[in-house]
Amino acid sequence: MVSILAHATRVWPEQKDGGKSVREEQRGRSAQAGDVPRGDVPWQPASVAPVDERFMRLALEEARLAAAEGEVPIGAVVVCDGEVIACGHNRRERDLDPSAHAEFSAMLRASRALGRWRLTGCTVYVTVEPCLMCAGLMVNARVDRCVFGASDPKGGALGTLYDVSHDPRLNHEFEVVPHVLAGECAFELRRFFRARRRLRRKPAEAKAAGPR
Ligand SMILES: [Zn+2]
């Protein structure tokens, strides 16, 4: 079933002063920043539904769990009828599994919890824009909505590099609400990568300093 809401409710931030869209600006800044989206730019939607913010905060908690396990901090929750039915965080390194993305795992768990492969009626909250694999699973699982935090300039498939949510060639479309708590979601990534770079630099610094 094609979501009636799909076309009506997709909201990207509006043009900024000077004619450059927030998305263009974000993309440019992110490209300079390397492999993580930047979170210190004001490209969050003008208004966020309190319920979306509440569930995104739960996804952020999942992202922090991933960081505590040494994984890139991305978290997700799946909500059905106003209740969290599944959650997940990135476990690619731990599980040695290229499919162990936060939202992918959460959707598999949601299907098991509901006892059906169709996730009709469900919203997936994820701290970073889904990749092609996860956005593809959203199509196959027939989700109603995806709410994401930070855009991913190197892999985002819900508007940044591709838009799998609104491709008329596919047999399902779904609503997307981008940039909810984007700053906080991106901050978790920046903090993680900054700490990792610091750890990697340490041996080199010790060597440069020589024997004391
Ligand atoms: Zn993914």
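Which residue in β2 does Cys-80 stand opposite? That would be Glu-83, and the pair makes a handy place to start looking around this predicted model.

**View 1. The whole chain, end to end.** Start with the inventory: the chain's secondary structure adds up to seven helices and five strands. Walking from the N terminus, you meet the elements in the order α-α-α-β-β-α-α-β-α-β-β-α. There are 212 residues in the chain, and 40% of them count as buried. Take the contacts between residues at least 6 apart in sequence: 60% of these join residues at least 24 apart.

**View 2. Strands β1 and β2, side by side.** Here we are back at Cys-80 and its opposite number in β2, Glu-83. Strand β1 covers residues 75–80 and pairs with β2 in the antiparallel sense, over six bridges.

**View 3. The full sheet.** Now bring in the other strands. Five of them make up an open sheet, ordered β2-β1-β3-β4-β5, with mixed pairing. At the edges sit β2 (83–89) and β5 (175–177), each pairing on one side only. On average, neighbouring strands are turned by 20 degrees against each other, direction ignored. As a general reminder, strands of a sheet pair through backbone hydrogen bonds, either parallel or antiparallel.

**View 4. Helices on the sheet.** Helix α3 packs on the sheet and touches β1, β2, β3, β4 and β5. The direction of α3 makes about 140 degrees with that of β1. Helix α5 lies across β1, β2 and β3, and runs at about 140 degrees to β2.

**View 5. The largest nonpolar core.** This core has 49 residues, and those with the most contacts inside it are Val-78, Ala-106, Val-124, Tyr-125, Val-126 and Cys-146. Helix α3 (residues 50–68) gives the most to the core, with six residues. Zoom in on Ala-106: leaving out residues up to four places away in sequence, Ala-106 touches Ala-76, Val-77, Val-78, Ala-86, Cys-87, Gly-88 and Val-124.

**View 6. Helix α6 and its buried face.** Which residues of helix α6 (residues 132–141) are buried? They are Cys-134, Ala-135, Leu-137, Met-138 and Ala-141. Looking down the axis of α6, you find these buried residues within an arc of 155 degrees, so they line one face of the helix. An α-helix has 3.6 residues a turn, so residues three or four places apart point the same way. The buried residues of α6 pack against α5 (102–114), β3 (122–128) and β4 (145–150). Right after α6 comes Arg-142, which has a positive phi, near 60 degrees.

Definitions and conventions
Residues numbered from 1 in each chain as written. Predicted model: local features only at pLDDT ≥ 70, side-chain atom pairs only at ≥ 80, totals over all residues. Helix = DSSP H or I, 4+ residues; strand = E, 2+ residues; numbered from the N terminus. Buried ≥ 20, exposed ≤ 12 C-beta atoms within 10 Å, placed from the backbone. Contact = placed C-beta atoms within 7 Å. Core = buried A, V, L, I, M, F, W, Y, C linked by C-beta atoms within 7 Å. Arc of directions from axis to C-beta. Pairing = 2+ DSSP bridges. Axes fitted to C-alpha atoms, helices over the stretch in contact; angles between N-to-C directions.
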